[in-house]
Amino acid sequence: MVRLSTIFIITLLVFNNITQAQNGVIKGRVFNSSTNEPVALATIQVIGTQLGAIADFEGKFIIKGVQAGFVKLNVSSIGYEKVITEEFQVTNAKAFFIDIPLQASAVQLKSAIITASAFKKPVESPVSMRSLMISEIEKTAGANRDISKVIQALPGVASTVSYRNDIIVRGGGPSENRFYLDGVEIPNLNHFSTQGASGGPVGIINVDFIKAVDFYSGAFPSNRGNALSSVLEMTQVDGNKDRNIFKGSVGASDLALTMNGPLSKKTTYFVSVRRSYLQFLFSAIGLPFLPTYNDFQFKVKTEFNKNNSLTFIGLGALDQFKLNTGLKNPTESQQYILDYLPVNEQKNYTLGLVYRHFIKNGFQNWIFSRNYLNNRLYKYKNNDESSSSNKTLDYNSDEAENKFRFEESNFLGNFKILFGAGAEIGQYKNTTQQILYSQGLPVNINYTSTLNLFNYNIFFQASEKVFQDRLILSFGLRTDASEYSNNMRNPFNQLSPRFSLAYNITSKTSFNFNIGRFYQRPAYTTLGFRDNTGMLVNKENDLKYIRADHIIAGLEFHPSDDAKLTAEGFYKLYNNYPFSLADSVSLASKGGDYGTFGDEAVKSTSKGRAYGFELLARERSFKGFNIIVSYTFVRSEFQDKKAKYIPSAWDNRHIIVATVSRSLKRNWDIGLKWRYVGGTPYTPYDNELSALKDAWDVRGRAYPNYNLFNSERLNAFHQLDLRVDKAYYYKKITMRFYVDIQNAYNFKADQQADLVRVMDANGIPVIENPTAPAAQQRYQLKQIKSNAGTVLPTIGVIIEI
């Protein structure tokens, strides 16, 4: 039988001998970012070539004969700051359209020669902001075109060993991040996400339509709230203005079909649908759960005139899940997972309208959106669904939000003012039937919760460049409020000031600084938690907004226009974090598992801290190599019930990531990523409690000993990912192939040993004391070693017509 890899190599060789045309076209418009007026006679050059153009009096230009591939433009005009555009892909099958905003410069240029930098530095956030190029998103080894996995290559971002996309930034938990798509907040970035947090096994976003990604690990602008650790801003491309383009791709876990093009002279669109075959992959590698997901993504943009545009976006997913109970002769580890893991089904969507109106020296954004999540979990004892009496968990929850946000940006020379306000109406519904083991007895939890909330925010930020642009100053103020309780209703309790500065010590070296206070509303699962009497438990416990105070300082050095070295120190001080009354631990260490997060009784009494430093070396054109090397030292600690600081679940201490890629001749690309993540703390099991038959039957797994919370630590793990890409650009078709190998040297990462029941010859759990009263009977337990990691090769095909 001919192997798939052999067929793949033969295909590459055949296509490699076909002549490829070199007739890529770039069309675009250069305009004033403050007024949207055209910038006439601007000079545009394709970096690394002699190709270029001069914009006409409408700011429009066209460049022909561009070699297909990923390119950037260098744009300049008298009276404006020079710009290097985001990277984009040129093909022979269609023209690429790009809008290029230029910012007017108040600095009088004399003999100085100012060159454009390939690295962004927004005035509001001159520190702790990283931008990703589209080629990095498309081609990062081991990421399989998943934005969450690409972000894990950035400094300060830890990754987990498990098959999840949790974003863990500077020692903060996965619930502390916020995500925006074209300015619209999207609560769910992943399929099978943890309700109340952010993680999941695979991302929802189709990167075919992503133009730029900006990642803030601190110094958040004031119009981005409800975040403690990071903000992720994603900008999408517009549909093609000339013709309809069809694209199909087969990747690591799904099949995607996309279309984009013009609907009219002023309106463009794109639409994407994806269907996974992840269940086949998980079945092939012997995982005991089989997820299937479907998602959609679309954008319609109408430019009414030069001052008014309307964008309509949508994103949604349908996630289905079943247990792999058909496993033949499951291992003890597989059976253990089957015994405790619930079935989880989700559906979610986000719809958003963004109206942009240019005014004199600025613009306004009017943003309307709605997002919805339905999360269903259920579990039967021994997975026997023949009787409802076997059901130990039945959870069904809905979250819906209708949001409005107004923003106005004004530019007066080097002075910028941003202000606005937002409001949202949130609705949370939850029906929970669950059996828990508490105080020596199985306890039935049965409640229905409905919660309607009105929340609002007001924000302001003023930024200025002074001393011939050598000093950037920015001050912002924000407040958030919610009608949930008297404490949350008072906006003065959530005043959030922030201050940033960047000082250019020399033309290549700068000092960057930020100090700020940030607030985040607890998850709906925590806000809406009730007991069996129907009381809102956490409202009675005076639940508060979570607070984090940030201090960040660092140095930045640019040896060249395409190179950057940075060193940043950070300190985050947490207050009012929800503290679990049942487990006596901070919720800051939870949220890294499937299902739900925060649906328990808490008090806003937990304090914590995360601190450390990051070193980054980035070179985008070192002898053709794109290189990112980073080291992060981080400590993450929260107080226990005795007010003693202990490591949180995200206390990795050491994180090293090296990413290297290079474009070769004839449209070949190669890349690798190596990452080292320090071992995470874990909590040993409570063997006495876990062995009790009634206790085990309720949970299906061992109980942590919270008196020894995070007292043990796993060994560090490391992994090498490799990738090879090959592209073919023809007149009417573009084809791309890639091979991606995750964990190339098959490293086995340590996991906490599983505590499982001992079975007799007939597969029946052994009871140590079968003659004892039922409430005192105990299972015989044993530990089995657990690890994670396997070589995971993927072949991908992308065809665009």
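Colleague: Let me start with a pair of charged residues: are E424 and R521 buried or exposed?

Modeller: Buried means under 20% relative accessible area, exposed means over 50%, and partly exposed lies in between (1.4 Å probe, protein chains only). Here, both E424 and R521 are buried. One thing to know early on: this is a predicted model, in which local features need pLDDT of at least 70 and side-chain atom pairs count only at pLDDT 80 or more, while totals for chains, interfaces and linings use all residues. Residues are numbered from 1 along each chain as its sequence is written, and side-chain values use heavy atoms, with hydrogens and water left out.

Colleague: What average pLDDT does the protein have?

Modeller: pLDDT is the predictor's confidence in each residue, from 0 to 100. The protein averages 90, and 95% of its residues score at least 70. Residues 1-20 fall below 50, with 26 contacts (heavy atoms within 4.5 Å) beyond near neighbours in sequence. Residues 108-114 are also below 50, and that stretch has 3 such contacts.

Colleague: Back to the charges. How far apart are the N and O atoms where E424 and R521 meet?

Modeller: A salt bridge is a side-chain nitrogen of Lys or Arg within 4 Å of a carboxyl oxygen of Asp or Glu. For E424 and R521 the N to O distance is 3.2 Å. E424 sits in strand β27 and R521 in the loop between β31 and α7, 97 residues apart. Helices (H or I, at least four residues) and strands (E, at least two) are DSSP runs, numbered from the N terminus. Both residues also belong to a salt-bridge network with R178, E185, E401 and K403.

Colleague: Which parts does the salt bridge between R757 and D339 tie together?

Modeller: The structure holds 52 salt bridges, and this one has an N to O distance of 3.5 Å. R757 lies in strand β43 and D339 in helix α5, so the pair ties together parts that are 418 residues apart in sequence. R757 and D339 are both buried.

Colleague: What do the buried residues of α5 pack against?

Modeller: Helices first: an α-helix has 3.6 residues a turn, so residues three or four places apart point the same way. In α5 (residues 332-340), Q334, Y336, I337, L338, D339 and Y340 are buried. They pack against β22, β23, β25, α10 and β43.

Colleague: And strands? Which side chains of β38 point to the buried face?

Modeller: In a regular strand the side chains alternate between the two faces of the sheet. Along β38 (residues 668-677), D669, G671, K673, R675 and V677 point to one face and are buried. W668, I670, L672, W674 and Y676 point to the other and are not buried.

Colleague: How many bridges join β38 to β37?

Modeller: Two strands pair if DSSP finds at least two bridges between them. β37 and β38 run antiparallel with 9 bridges, and A658 stands opposite W674. Their hairpin has 4 residues between the strands, and R666 takes a positive phi near 60° there. β38 is also joined to β41 by 10 bridges, again antiparallel, with D721 as the partner of K673.

Colleague: Which strands stand at the edges of the sheet β3-β2-β6-β7?

Modeller: That open sheet has 4 strands with antiparallel pairing. β3 and β7 stand at the edges with a single partner strand each, so one side of each is left without a neighbour in the sheet. β6 is joined to β7 by 2 bridges, and V75 stands opposite V83.
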